[in-house]
Amino acid sequence: MENTLGLEIIEVVEQAAIASAKWMGKGEKNIADQVAVEAMRERMNKIHMRGRIVIGEGERDDAPMLYIGEEVGICTQPNAESFCNPDELIEIDIAVDPCEGTNLVAYGQPGSMAVLAISEKGGLFAAPDFYMKKLAAPPAAKGKVDINKSATENLKILSEVLDRGVDELVVVVMKRERHNDLIKEIREAGARVALISDGDVGAAISCGFAGTNIHALMGIGAAPEGVISAAAMRALGGHFQGQLIYDPAIVKTGLIGESKEANLDRLKSMNINDADKVYDAHELASGKTILFAASGITSGNLMQGVRFFKDGARTQSLVISNQSKTARFVDTIHLFGEPKVLQLN
């Protein structure tokens, strides 16, 4: 899968990032997301594959493109027989977020990116559009920290396995009312808090790399993005756990269904009978083959954002594979229109 799709999925996220970056700082988060969706879908439908969106822009009625259940790739098109033999290709599940951090793009803030994860059919958890309590940490902490432990306990464990003082640890938390007590506890334990307004996928993945100065992600964010983060962290060997949040009273901000009871009924309809189950990265991204790709829209800890120049743009992307056990950073120059002949004196 990596040899067949590795380069092409990089191009998918690059095109989404370029399209969205053109709206950076214009205060139009919906347009920044819409153009990213359109660009991602257009490039995805040129790939020789049979893909299915399992995490995307929502249900069919709410999202005309990259909706959950949509089939993508040349071999899913009506005239597929002209391009390929669909029966010979592996069916692929795809989780996408064409513009992770729409507010970040709209207001010119750091850390937004276009992201996707792929696996063979059934290899990615089809998370409902709920919230999720998350814990991400470096590979050295894998299986040692635990989402059921307090922040104080986990910070002590992180301090031991990373051989750092608690006061040297940096924990990323989304700036939300629901996290006030968590932020207070982290600070009282002696660690430092890096607050973000949006986009926790990048924060989770940063825990998997040394040198980012991010040692944990804690708190509640969107569940679909949790699956994408889990896919990357599984391939990196990092720690990731997620637990679905179905009670609106816990979330406090944002929409999460009509009521706690209605949400529980929805989970049962999705064959999720243990609503309080804690999932690890291997359960959220269970496939034999996992590929993750991201391209920076605005610059963040891991990647620079899109930089435009006359008749072109430069992107920085990341592709992670559990097959080859690699994390590749890709720097790409995109030339718009016809290349110009260089004059040599």
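What follows is a friendly conversation about how some labels in this predicted model are earned.

Reader: Let's start with Q243. Why is Q243 called buried?

Author: Its relative accessibility is 14%, and buried means under 20%, so Q243 counts as buried. You will find Q243 in strand β9, residues 239–245.

Reader: What is Q243 in contact with, leaving aside its neighbours within four places in sequence?

Author: Its contacts are Y131, M132, K133, I147, D276, K277 and V278. The label rests on heavy atoms within 4.5 Å.

Reader: K277 is in that list. What makes K277 and E283 a salt bridge?

Author: Their side chains meet at 3.0 Å, N to O. The cut-off is 4 Å, so the pair qualifies.

Reader: And are K277 and E283 buried, exposed or partly exposed?

Author: K277 has a relative accessible area of 28% and E283 one of 33%. Partly exposed covers the range between under 20% and over 50%, so both residues get that label.

Reader: How many salt bridges does a search of the whole structure find?

Author: Eleven. One of them joins R41 and E70, with the closest N and O atoms 2.7 Å apart.

Reader: Why do you say that the R41 and E70 pair ties parts of the chain together?

Author: Because R41 lies in helix α2 (residues 29–44), while E70 is in the loop between β1 (50–55) and β2 (71–72), parts that are 29 residues apart in sequence. The two ends carry their own labels: R41, with a relative accessible area of 25%, is partly exposed, whereas E70, at 4%, is buried.

Reader: What about K46 and E42? How do you know that they form a salt bridge?

Author: The N to O distance between their side chains is 4.0 Å, and the definition asks for within 4 Å, so the pair is accepted. Both residues are exposed. Elsewhere, E8, E11 and R43 are linked in a network of salt bridges.

Reader: On to helix α5, residues 180–189. Which residues of α5 are buried, and how do you know that they share a side?

Author: The buried residues are L182, I183 and I186. They cover an arc of only 100° around the axis, which puts them on the same side of α5. The general pattern helps here: an α-helix has 3.6 residues a turn, so residues three or four places apart point the same way.

Reader: What does the buried side of α5 pack against, and what sits on the face turned away from it?

Author: The buried residues pack against α4 (151–162), β6 (170–174), β7 (192–196) and β8 (216–222). On the face turned away are the exposed residues D181, K184 and E188. After α5 comes G190, whose phi is positive, near 110°.

Reader: Now the rings. How many aromatic pairs are there, and why is the one of F125 and Y279 called tilted?

Author: There are two aromatic pairs. F125 and Y279 are 4.9 Å apart, centre to centre, with 35° between the planes. Stacked needs under 30 degrees and edge-to-face over 60, so 35° is tilted. This pair links distant parts of the chain, 154 residues apart: F125 in the loop between β4 (113–120) and β5 (131–137), Y279 in strand β10 (residues 278–280). Both F125 and Y279 are buried.

Reader: Last one: why is L335 called exposed?

Author: At 55% relative accessibility, L335 passes the mark of over 50%, so exposed is the right word. L335 belongs to strand β14, residues 326–335. Together with F309 and I333, L335 forms a nonpolar surface patch of about 300 Å² of accessible area.

How values were computed. Residues are numbered from 1 along each chain as its sequence is written. This is a predicted model: local features need pLDDT of at least 70, side-chain atom pairs count only at pLDDT 80 or more; totals for chains, interfaces and linings use all residues. Side-chain values use heavy atoms; hydrogens and water are left out. Helices (H or I, at least four residues) and strands (E, at least two) are DSSP runs, numbered from the N terminus. Buried means under 20% relative accessible area, exposed over 50%, partly exposed in between (1.4 Å probe, protein chains only). The arc is that of the directions from the helix axis to the C-beta atoms. Patches are made of residues with over 30% relative accessible area and no salt bridge: like charges are joined within 9 Å, nonpolar side chains (Val, Leu, Ile, Met, Phe, Trp, Tyr) within 5 Å. Accessible areas come from the Shrake-Rupley method with a 1.4 Å probe; for residues, only the protein chains shown count as cover. Rings of Phe, Tyr and Trp (its six-membered ring) pair if their centres lie within 6.5 Å; planes under 30 degrees apart count as stacked, over 60 as edge-to-face and the rest as tilted.
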